[in-house]
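Student: I've got a model open and would like to talk through it. Can we start with the overall picture and then pick one helix?

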Amino acid sequence: MDTSRQLPTHGDGLLDMRELARTLLESMVNELMDAQADMLCEDGANARNGYRERGLATPVGDITLRIPKLRAGTYFPEGIIERCSRADRAVAAAVAESWANGVSTRKMERIAREMGMERLSRDQVSAMCRSLDAEVGELASRDLGGIEVPYLFLDATYVKCRRDGRVRSTAVVTAIGVGSDGVRRMLGIAAIDTETYAGWLGFLRGLRERGL
């Protein structure tokens with residue numbers, strides 16, 4: 001047995017599964033980056049030139065990336081970093097909801113620690129919120145032409161939203177359709193100040209303009 005690398009354990013001698021997973025992930029990612037960099041240099045037109053280190057927070061803890069440097073051009077494992085990052089959809093959704101409800105950055109950092117994240121900067125919070133904007137925008141503008149919707153359910157719920165620098169109660173209206181194939185689909189979502197006739201009319205006209 002190779003004793004040069006002992007398995008991580010807790011103080012009571014039990015195996016530390018989280019630390020083991022973190023170590024294995026760190027090793028796997030660095031080996032994968034080495035392999036990709038070697039492929040870029042295999043024709044002899046380029047060569048390796050050391051490493052640069054970068055920390056990355058993942059669901060099993062912080063790891064250190066040893067990103068290969070090339071003599072010509074650059075190598076950056078954007079896809080690997082995106083897949084390994086702990087800022088996954090569930091965390092991003094929780095952060096965005098907390099931010100919309102007016103939770104301060106300091107409180108957000110405390111929430112992040114409770115979720116296992118050591119740090120959560122203001123820039124990270126903003127990036128997480130922006131990552132959801134594109135998804136909401138795509139949902140709100142998706143072409144609805146050609147979808148048969150014999151059943152349409154309309155609803156609204158009031159939530160605390162940050163608007164114009166202030167947190168206020170806002171009606172979020174939704175349209176959910178059940179198609180002729182029996183599949184339920186989210187068709188539209190919008191935030192309006194209150195449930196007024198004009199607010200609902202504008203929302204429904206928007207669905208019609210999109211082809212519903």
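Tutor: Sure, we'll go from the whole chain to its last helix and then to a surface patch.

Student: In what order do the elements of the protein chain run from the N terminus on?
Tutor: Keep in mind that this is a predicted model. The protein chain has 6 helices and 5 strands. From the N terminus on, they come as α-β-β-α-α-α-α-β-β-β-α.

Student: Which residues of α6 are buried?
Tutor: Helix α6 takes in residues 197–209 and spans 18 Å from first C-alpha to last, close to the 18 Å expected. Buried here means under 20% relative accessible area. The ones that pass are Gly199, Trp200, Phe203 and Leu207.

Student: Why do those buried residues sit on the same side of α6?
Tutor: An α-helix has 3.6 residues a turn, so residues three or four places apart point the same way. The buried set is Gly199, Trp200, Phe203 and Leu207. They share a side of α6 because the arc they cover around the axis is only 95°.

Student: And what does the cover over the buried residues of α6 include?
Tutor: The face turned away from the buried side carries exposed residues, among them Arg205 and Arg208. On the buried residues themselves, the cover includes strands β3, β4 and β5.

Student: Is Leu154 buried, partly exposed or exposed?
Tutor: Leu154 lies in β3 and joins Leu152 and Leu204 in a nonpolar surface patch of about 220 Å² accessible area. Its relative accessible area is 40%, and the middle class runs between 20% and 50%. That makes Leu154 partly exposed.

Terms used
Residues are numbered from 1 along each chain as its sequence is written. This is a predicted model: local features need pLDDT of at least 70, side-chain atom pairs count only at pLDDT 80 or more; totals for chains, interfaces and linings use all residues. Side-chain values use heavy atoms; hydrogens and water are left out. Helices (H or I, at least four residues) and strands (E, at least two) are DSSP runs, numbered from the N terminus. The expected span of a helix is 1.5 Å times one less than its number of residues. Buried means under 20% relative accessible area, exposed over 50%, partly exposed in between (1.4 Å probe, protein chains only). The arc is that of the directions from the helix axis to the C-beta atoms. Contact means heavy atoms within 4.5 Å. Patches are made of residues with over 30% relative accessible area and no salt bridge: like charges are joined within 9 Å, nonpolar side chains (Val, Leu, Ile, Met, Phe, Trp, Tyr) within 5 Å. Accessible areas come from the Shrake-Rupley method with a 1.4 Å probe; for residues, only the protein chains shown count as cover. A salt bridge is a side-chain nitrogen of Lys or Arg within 4 Å of a carboxyl oxygen of Asp or Glu.
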